[in-house]
Amino acid sequence: MDLDFILAKGPIFLAAAQLTVTVAFFGILLSAVVGLLCAVVKFYRWPVAHRLVSAYIELARNTPLMVQLFFLYFGLPRLGFIWEGQTCAILGLTFLGGGYMAEAFRGGLSAVGKDQVEAGLSIGLNRFQLLRYVIVPQALAVSLPAISATTIFLMKETSVFSIVALPDLMYVAKDLLKEGHSSETNTLLVASYLAVILPISLIFAWLERRLRFAGFGS
Amino acid sequence: MLSGQVVLKIKDLVKNYDQRAVLKGLTLTVSQGEVLVVIGPSGCGKSTLLRCLNGLEPVNGGQIIFEGQYLTDPQTNWSRIRQRVGMVFQNYELFPHLTALENILLGPIKVQNKSREEALAKAEYWLNRVDLWDRRHSFPRQLSGGQKQRVAIVRALAMDPEIMLFDEVTASLDPEMVREVLDVITNLAQEGLTMLIVTHEMAFARAVADRIIFLDDGGIVEDSTPDVFFQNPATERARRFLNIFHYDDIHKPNGSLNLAKNNL
Amino acid sequence: MLDSALSVFKMGRNLARLMEGLGVTLEISCLAVALSIVLGIPIGLLMAGQRPIVKRILRLYLEFIRVMPILVLLFLFYYSLSKIWNINLSAMAVSILVFTLWGAAEMGDLVRAAVTSLPRHQWDSGRALGLTETQVSFYVIIPQAVRRLLPGVINLATRMIKTTPFVFFINLPDLVKVGQQIVEVAGFRNPLASVWVYGFIFIIYFAICYPISLLSRYLERRWPS
């Protein structure tokens, strides 16, 4: 193992990891927003929107991110939608993640009983307040394991972003592998992903444990 | 007390579930400060009646007039009405992610836009009255059934309702906890709060009620004072209903003793 | 519009090549899923077993697989294995190996969850009826475990199918790789080639995964746990 090589190339990986984290952060955040909105639309069964949302969720969940990205990055510009790699990566991750997050939130929402809704109504809460103070907080706690699994899954999916010419961790690694030093490069690659994903996994595990203790289940 | 001003008027109220009629043209008037206890066999529509009064069930016909306002008008702003009509449910339905105090403060602060201080003062007053001020930071799962139901009553009272609806509030409680909840309600009745109570606790009904409404098959069969109703019900149906709560002595045939002995 | 779409697929052997790519995709998926199920069952039983060290090691294996992107594992095995250990595996073999490593870990966890979630008294009540150990296993335990397991296994299979495009990165001619090659050539003459080809691949994946996910949902509804 060539330590000098690892030390010399470390900064490159650091910069690449930053990019991965940035894109993942915005992609996952937007996924959560899209997912929550879709789940609420499905929860209230709003007539037309509910069908559109269901169709979107099925499309997002039953096709690979790479194919979605290829379509977004190489296909759509031909039809006049032009975006750069980073925007495309975030859009692709949001399209994919929105579908998964919607399912995660939907599970939580459907766990909130009709009686809780009525109790909220009976103290005069309006529809929005009911969601904000009664339904969503309870649904979030129930959904947390699914949200955690989806977040980790989306973090891992970011590894394909080099296909839209984003200089992320895989891109850098592939570049260096051409020069040899494969075991050092792979060590850096594995270490970088561990450094990025492991903390998130641990934070979610901690959150889940905490919520279970503060737990509901009356 | 009975001569008070009319608070609630129900006229020919009709409610159907699918094709089945649950309330078949029910008419009832409630005056200020009256305590009405609604009793009747299960499925007679007593819970449905309360749920209609709080807008939890759409109504199929007739009128509900609360303080001169037609609640059967589809334009009714239910959020505003529900602040004035408190409701307590059989299964407490406290919000499990909020502490007892947060459960109580939610309505006054978010719906009525009261200041935190004002809402807190009121919550403190009521929680003290039901002996739960010490438990204000507990989550619902940390409270017993009786405690949960007392918090739920306070949650409704904290909105300053003009009328309270109690829907079988002791039906899910262990027997030893029924008393603490009924005492709270009795206490409120003595203060002159207008109340509609659905219950299966006959002794409590007799003690707390100004009027007993006996409901059967979607309509009012008897509307009288507790003394008259319990001692001398006017209808055969009421008599049969009251008989359910009596047990005759059981005369065991001699033969059955052998079996009991063998099992021991 | 339609002409431009058809021309891409009619050009040369394009459609046939796409189908060959689909064949590669399906070959990897099927082999990896089958191997994962076969290997995952003993792994899961060990995970649910009584040996703490074995359990600890398997747990570590599972957690590592869960945190590490599959693509990294593909790189690791494709570029390092050959150099460090002097093993020369084809891209195909590496793909199946990596997907199986992942699938077996996830399958193991599913089996562990199914086995440990069965209440103990199922064994007891089976024996109380006078059934032998083997009879209890076959008539009581296994049918219940399989019901709990099946939706999860089907779910895992679709996840693996949806991850197969990663083999693109180690130059295996799967559906996506073939699609890219076709677009590169046809794109010069037909500017919409990328829309048609990637759209087509999108639909193929959907046509494979959607029915499977419907099946999994149907089973979940039929056998609620």
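1. A good place to begin in this predicted model is where chain C meets chain A: the contact takes 32 residues from chain C and 31 residues from chain A. On the chain C side, at least two residues each come from helix 3 (52-67), helix 4 (70-84), helix 7 (133-163), helix 8 (175-186) and helix 9 (193-222) of chain C. Helix 9 of chain C gives the largest share, 11 residues. Sorted by class, this side of chain C, the one that touches chain A, has 24 nonpolar, five polar and three charged residues.

2. Next, have a look at chain A and chain B, where 20 residues of chain A are in contact with 21 residues of chain B. The elements of chain A that give two or more residues to this side are helix 5 (114-122) and helix 6 (127-157). Here the classes on the side of chain A that touches chain B are nine nonpolar, nine polar and two charged residues.

3. Now for the sheet in chain B. Six strands make up an open sheet of mixed pairing, in the order 6-7-8-3-9-10. Strand 6 (85-88) and strand 10 (219-224) of chain B are the edge strands, each pairing on one side only. From one strand to the next, the twist averages 20°.

4. At one edge of this sheet, strand 9 (residues 211-216) and strand 10 of chain B run antiparallel and are joined by five bridges. Across from Ile212(B) you will find Ser224(B), in strand 10 of chain B.

5. Finally, helix 5 (residues 145-157) of chain B packs on the sheet, where this helix touches strand 6 and strand 7 (163-167) of chain B. The direction of helix 5 makes about 170° with that of strand 6 of chain B.

Definitions and conventions: Residues numbered from 1 in each chain as written. Chains lettered and ligands numbered in written order. Predicted model: local features only at pLDDT ≥ 70, side-chain atom pairs only at ≥ 80, totals over all residues. Contact = placed C-beta atoms within 7 Å. Helix = DSSP H or I, 4+ residues; strand = E, 2+ residues; numbered from the N terminus. Nonpolar A, V, L, I, M, F, W, Y, C, P; charged D, E, K, R; others polar. Pairing = 2+ DSSP bridges. Axes fitted to C-alpha atoms, helices over the stretch in contact; angles between N-to-C directions.
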